[in-house]
Amino acid sequence: MKWEIVDDYEALSISGAHRLLAALDANPRIVLGLPTGKTPEGMYARVVRECGVSRHCFEEVTTFNLDEYVGLAPDHPSSYATYMRKHLFDHVDIDPANINLPDGLAARIGEEDPRHGNEEALLRECRRYEQAIARAGGLQLTFLGLGTNGHIAFNEPGTPFDARTRVVELTESTKAANAPYFRDQTPPDRAITMGIATILDSREIVLLASGEKKRAAVERLRGGEVTTDFPASALHHHPRVTVIVDRSAAGD
Ligand code: PGA
């Protein structure tokens, strides 16, 4: 695991954006794993600024988001599909056919079919997502945020490292962290998330952590103990991980 400690959030955003843009330059047909949340917003803003529509950066790129809430339509203001359009997809030349997020409304697919309940439809969606990643040739570069409880994507503490894309219950701390994104509504209880094994299959991984809030989690990751109590520690098993943290998260 390589560590890059930068001065502040701006430097973290610049470094993340440079890594992403360099990867696009090296392979214009790259398959990316992409996060949502507060942390990558600055990185996406940089990428959009540097790339713009004119540079054709994303013309042949394929993306898979880490997760999506169960029950939210792609046009719901708090869905991750909306987040991605707002922060990246609406501002670059990506082909909509190459954008992939789990379908938060998959549960509805089974409604009219008495043989397959909603839960079965959700499971099918999880399998479909894994298969779509495999059909695209696998993730080549995946960016991650870090939860204060050590989660990566929505893999909460206790998740086995061999977990793949599935439906998860969100912890109270994660729901509280996400509450500001849901002004008139309590955050959904469940999400579809890539599993830890799905993420570890990515050829390269970049994890971003910023701010004092993340200090305890960053310290635990630096400590090196590998335990399912702390999902991000699974990354110690991966040969090509870079962690970019700013000084307030690193505590030094
Ligand atoms: P944040 O979320 O970027 O909003 O802090 C990170 C995460 O929970 O994975």
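A charge sits over a ring if NZ of Lys or CZ of Arg is within 6 Å of the ring centre and within 35 degrees of the ring normal. In this predicted model, the charged end of arginine 222 meets that description: it sits over the ring of tryptophan 3, 5.5 Å from the ring centre. That tryptophan makes a good starting point for a walk through the sheet.

**The sheet**

Tryptophan 3 stands opposite valine 243 in strand 10. Strand 10 (residues 241-246) runs parallel to strand 1, and five bridges join the two. They belong to an open sheet of seven strands, with parallel pairing and the order 1-10-9-6-2-3-5. Strand 1 (2-6) and strand 5 stand at the edges with a single partner strand each, so one side of each is left without a neighbour in the sheet.

Now let us move to the end of the order that holds strand 5. Strand 2 (residues 31-34) pairs with strand 3 in the parallel sense over four bridges, and here glycine 33 stands opposite phenylalanine 64 in strand 3. Strand 3 also pairs with strand 5, again in the parallel sense, over two bridges. In this pairing threonine 63 stands opposite isoleucine 99 in strand 5.

Strand 3 (residues 62-65) is covered on both faces. Thr62 and Phe64 are buried on one side, and Thr63 and Asn65 are buried on the other.

**Aromatic rings**

The structure holds six aromatic pairs. One of them joins tyrosine 69 and tyrosine 80: the ring centres are 4.8 Å apart and the planes stand at 35°, so the pair is tilted. This pair links distant parts of the chain, with tyrosine 69 in strand 4 (residues 67-69) and tyrosine 80 in helix 3 (residues 80-87), eleven residues apart. Both tyrosines, 69 and 80, are buried.

Tyrosine 69 also pairs with phenylalanine 154, with centres 5.8 Å apart and planes at 50°, so this pair is tilted as well. Here the two residues are 85 apart in the chain, and phenylalanine 154 lies in the loop between strand 6 (141-144) and strand 7 (166-169).

How buried are the two partners? Tyrosine 69 has a relative accessible area of 1%, and phenylalanine 154 has 4%. Buried means under 20% relative accessible area, so tyrosine 69 counts as buried, and so does phenylalanine 154. Taken together, ring pairs link Tyr69, Tyr80, Phe154 and Phe182 into a cluster.

**Two pockets**

Helix 3, home of tyrosine 80, also helps to line the two pockets described here. Their volumes and lining classes are set out below.

| Pocket | Volume | Nonpolar lining | Polar lining | Charged lining |
|---|---|---|---|---|
| Largest | about 1100 Å³ | 15 residues | 19 residues | nine residues |
| Second largest | about 250 Å³ | ten residues | two residues | four residues |

Which residues lie closest to the centre of the largest pocket? Of the 43 residues that line the largest pocket, they are Gly37, Lys38, Ala177, Asn178 and Tyr181. Strand 4, helix 3 and helix 5 (172-178) are the elements that give two or more residues to this lining. The largest share, five residues, comes from helix 3.

The second largest pocket is lined by 16 residues, and Ala81, Arg85, Phe89, Ile99 and Leu101 lie nearest its centre. Helix 3 and strand 5 (99-100) each supply at least two residues of the lining. Ile99 thus appears twice in this tour: among the residues nearest the centre of the second largest pocket, and opposite threonine 63 in the sheet.

Terms used: Residues are numbered from 1 along each chain as its sequence is written. This is a predicted model: local features need pLDDT of at least 70, side-chain atom pairs count only at pLDDT 80 or more; totals for chains, interfaces and linings use all residues. Side-chain values use heavy atoms; hydrogens and water are left out. Rings of Phe, Tyr and Trp (its six-membered ring) pair if their centres lie within 6.5 Å; planes under 30 degrees apart count as stacked, over 60 as edge-to-face and the rest as tilted. Buried means under 20% relative accessible area, exposed over 50%, partly exposed in between (1.4 Å probe, protein chains only). On a 1 Å grid over the protein atoms alone, a cavity is a set of points where a 1.4 Å probe fits but cannot get out, and a pocket is an open set with protein on both sides within 12 Å along at least five of seven lines; lining residues have an atom within 4 Å of a point. Grid points are joined across faces, edges and corners, and a volume is the space filled by probe spheres set on the points. Ala, Val, Leu, Ile, Met, Phe, Trp, Tyr, Cys and Pro count as nonpolar, Asp, Glu, Lys and Arg as charged, and the others, Gly among them, as polar. Two strands pair if DSSP finds at least two bridges between them.
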